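Please look at the model shown here one step at a time, with the two chains side by side. The paragraphs that follow begin with how the chains meet and end with single residues in loops.

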There are 2 protein chains.
Amino acid sequence: MAHSPKAIVLLSGGLDSATVLAIASATFECHAISFDYHQRHVAELNAAKQLARCYQARHQVIKLDDGVMAGSALTDSRIAVPQSGLEQGIPVTYVPARNTVFLAHALAVAEVQASNDILIGVNAVDYSGYPDCRPEYINAFERMANLATKAGVEGQRLNIHAPLLHMSKADIIANGLELGVDYSLTVSCYQADLQGRACGVCDSCRLRRAGFEAAGVGDPTRYQTR
Amino acid sequence: MAHSPKAIVLLSGGLDSATVLAIASATFECHAISFDYHQRHVAELNAAKQLARCYQARHQVIKLDDGVMAGSALTDSRIAVPQSGLEQGIPVTYVPARNTVFLAHALAVAEVQASNDILIGVNAVDYSGYPDCRPEYINAFERMANLATKAGVEGQRLNIHAPLLHMSKADIIANGLELGVDYSLTVSCYQADLQGRACGVCDSCRLRRAGFEAAGVGDPTRYQTR
């Protein structure tokens, strides 16, 4: 059997990145990375760990310095997570430069691991309006990455894959179910409790719940009882 | 007196970044950031601290996770720092994706601090041949950064300034001396001792020493006695 090429997969532990890991596993030997950035939803990291185990992926948790991922409702308990539905504009859950910091680390790991492929679960259809989830951003990062590294200079093309970019949440779920993803393991909620139970009312919960409805399948999410 | 705009300055503690801080201080209120990435030359960080104090800049040391900045002679004691002079190609002191990880953090800090300006001391003349010091790389990072952030979407242009990019080491030194930079405080050596004394034979020491010679000024570097 031929040896699979290695890929670096950004794995948050949510629905989207779990689907990306399932997609990537068909082609690549996966090295999953997650970030501990003092996010409210630490249950995410436990979910990521379980998912990596399901796919026999190596799993690396990278700790970011306190106070870098700041100025967001997801990292600052003084800013409330909105619960009344998506509004116009970029929401307070936006974390400044988050995907750039994540992808920069992935690029460093990729080069050290001699991998030419990074996968990220960004989506520009059913999403919260974050600028660093748009196709033009992903393309610009890829272009920069190919100028940044020794591997790039030596002619190894680095690819940033965003397989969910143009899919609806329902399509993502349908795709994942076909690949056997166990969505009960995933945590999408911005303020999940320590057991990974979802609030049901934040933007991420709303997008996720609507996705299961639109896909016409049962929602396996464990919700907090209120 | 008008309030100066705020800039984020990448400050390693070496000759180049000290000069950049001096240049930036003329125009901006500076927020200097340094990285603790388990580099061999920890004396750099002490130098950065002293330099920030000289320029009344706020100084933030950002700790990177163990093992991310890997695969380099600067972070792995099993790889020897070359001592016999610059050779063709990218040397073993290259740290994978280092400037991308540094600039990504600077971008996050800039957005949180509402700053539109990041300064970095890269140089593409008297340098070690690192790919992430080239003008095309800096331009590509700037382009990506303007697509990445909420500030960018809202029309705040983010500028990556690399004022030393096309200067020789001698020009950098002449410029810095005019601005009053005390180069005896700076540490450029890849394997400085804990007191910040330089080895005199690594690539960085060679470039620095040649710079003082070409500038026709005394070299204030403290060297290790051998």
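Two residues are said to be in contact if their C-beta atoms, placed from the backbone, lie within 7 Å. This is a predicted model, in which local features need pLDDT of at least 70 and side-chain atom pairs count only at pLDDT 80 or more, while totals for chains, interfaces and linings use all residues. Residues are numbered from 1 along each chain as its sequence is written, and chains are lettered from A, with ligands numbered from 1, in the order in which they are written.

With that meaning of contact, 35 residues of chain A touch 35 residues of chain B. Helices (H or I, at least four residues) and strands (E, at least two) are DSSP runs, numbered from the N terminus; on the side of chain A that touches chain B, at least two residues each come from β3 (58-63), α3 (98-112), α4 (135-148) and α5 (150-153) of chain A. The most is given by α3(A), with nine residues. Of the residues on this side of chain A, 22 are nonpolar (Ala, Val, Leu, Ile, Met, Phe, Trp, Tyr, Cys and Pro), eight are charged (Asp, Glu, Lys and Arg) and five are polar (the others, Gly among them).

How are the two chains related? When copies are superposed by least squares on the C-alpha atoms of residues with pLDDT of at least 70 in both, a rotation of 180° with 0.0 Å of shift along its axis places chain A on chain B, with an RMSD of 0.0 Å. That is the relation of a two-fold axis. Because 100% of the interface residues of chain A are also interface residues in chain B, the copies meet through the same surface.

Within this interface, the axes of α4(A) and α4(B), which are lines fitted to C-alpha atoms over the stretch in contact, with angles running from 0 to 180 degrees between N-to-C directions, come within 8 Å and cross at roughly 160°. The two helices α4(A) and α4(B) are therefore roughly antiparallel (an angle over 145 degrees). Among the residues that make this contact are A:Tyr137 and A:Phe141 of α4(A) and B:Tyr137 and B:Phe141 of α4(B). The residues of the contact divide into twelve nonpolar, no polar and four charged.

Finally, A:Gln56, in the loop between α2 (43-54) and β3 of chain A, has a phi near 50°, a positive value in a residue other than glycine. A:Gln56 is exposed (12 or fewer other C-beta atoms within 10 Å of its own), with 9.

Technical notes
Buried ≥ 20, exposed ≤ 12 C-beta atoms within 10 Å, placed from the backbone. Parallel < 35°, antiparallel > 145°, perpendicular 65-115°, else oblique.
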